[in-house]
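Biologist: Please pick a single part of this model and look at it closely. I would like to follow how the charged side chains are placed, and then what lies inside.

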Amino acid sequence: MHYLRSIIFDTAVVILTLVVSLTVPFMWLFNASSSTVRAVSQVWVNGIMFLMKHVVGLDYRAVGRENVPDGPCIIACNHQSLWETAALCAIFPDASIVAKKELRRVPFVGWFLERYPMILVDRSAGRHALRQMVDEARRAAGEGRQVLLFPQGTRQAIDEPMRFQSAGISALYTNLDVPVVPAACNSGLFWGKKTLIMHSGTVTLSFLPPIAPGLPRKEFQEKMERMIAEEANRLLKVSEAKVR
């Protein structure tokens, strides 16, 4: 049943994507603003969340939302599946996500990401990439928008040791002078890293108390990693206990 639901979901997402992509020529022709592109993108991402809930039976609950400031901030979440990418976009419709530059090559999607605008980073460019990321994140924060980042750098399965890439999140923290909200989810229990098969259930997304700007770089990094890792492990243990 999970396999069949996942196939129906994937098919529906392809159809949804094709329908939404029909708007691209018109937005290009009329030089649509970033706010218009984000509005259209929200139709797409909320459609995906709707399909997850009603086709796959995969819902979610967000706890600690009161920990997210009203103004600009950096949200740093663990990364177990594609679920949190869609969910965070739906929850924070005006946020900019730090993503790999390779996504720009995806037809239609790449155009959306550039016009959104998201922060597309060339991970092979070293310090230049960090400067670009900081500049674009500062611009987003200046517009009152959140910046979303997955400090692990890539998806990691729930049975893998949690590893973080410190350069990106530390550069943002030390340069933007805005709070960082650590977040953790247990999406990997329902949608594995290397599979398209999804399982029904309820993902928990937990927003933790923000880390105020001003800490030494190393102290911030250790605190953020500890908070995310401990909460991610707690969510996994609680959920696995309920499954048993």
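**From charged pairs to the core**

Modeller: Glutamate 160 has a relative accessibility of 24%, so it counts as partly exposed (buried is under 20% relative accessible area, exposed is over 50%, and partly exposed is in between, using a 1.4 Å probe and protein chains only). The model is predicted, so local features need pLDDT of at least 70 and side-chain atom pairs count only at pLDDT 80 or more, while totals for chains, interfaces and linings use all residues. Residues are numbered from 1 along each chain as its sequence is written, and side-chain values use heavy atoms, with hydrogens and water left out.

The side chain of glutamate 160 forms a salt bridge with that of arginine 163, at 3.4 Å from N to O. A salt bridge here is a side-chain nitrogen of Lys or Arg within 4 Å of a carboxyl oxygen of Asp or Glu. Arginine 163 is partly exposed, because its relative accessible area is 44%. Side chains of opposite charge can pair when their charged atoms come close. The whole structure has six salt bridges.

Another of them joins arginine 145 and glutamate 143, at 3.3 Å from N to O. Here arginine 145 is buried, because its relative accessibility is 5%. Glutamate 143, at 52%, is exposed. Lysine 53 and aspartate 59 also meet in a salt bridge, with 3.9 Å from N to O. Lysine 53 has a relative accessible area of 42%, so it is partly exposed, and aspartate 59 is partly exposed at 29%.

Next comes the interior. The largest nonpolar core has 48 residues, and those with the most contacts inside it are Met52, Ile75, Trp83, Phe92 and Phe207. Such a core is a set of buried Ala, Val, Leu, Ile, Met, Phe, Trp, Tyr and Cys residues joined through side-chain atoms within 4.5 Å. Helix α3 gives the largest share of this core, eight residues; helices (H or I, at least four residues) and strands (E, at least two) are DSSP runs numbered from the N terminus. A second, separate core has 27 residues, including Phe164, Leu208, Phe220 and Met227. In soluble globular proteins, nonpolar side chains tend to be buried together.

Methionine 52 can be followed further. Apart from neighbours within four places in sequence, its contacts (heavy atoms within 4.5 Å) include Phe9, Leu58, Trp83 and Trp191.

Ile75 belongs to strand β2, residues 74-77, where Ile75 and Cys77 point one way, Ile74 and Ala76 point the other way, and all are buried. In a regular strand the side chains alternate between the two faces of the sheet. Strand β2 runs parallel to β5 (residues 147-149), joined by three bridges, and two strands pair if DSSP finds at least two bridges between them. Isoleucine 74 is opposite valine 147 of β5. Strands β2 and β6 also pair in the parallel sense, over four bridges, with alanine 76 opposite proline 182 of β6.

Two loop residues remain. Aspartate 177 lies in the loop between α7 (166-176) and β6 (180-185). Its phi is positive, about 60 degrees, although it is not a glycine. Aspartate 177 is exposed, because its relative accessibility is 60%. Asparagine 31, in the loop between α2 (24-29) and α3 (34-56), also has a positive phi, near 50 degrees, and is exposed at 56%.
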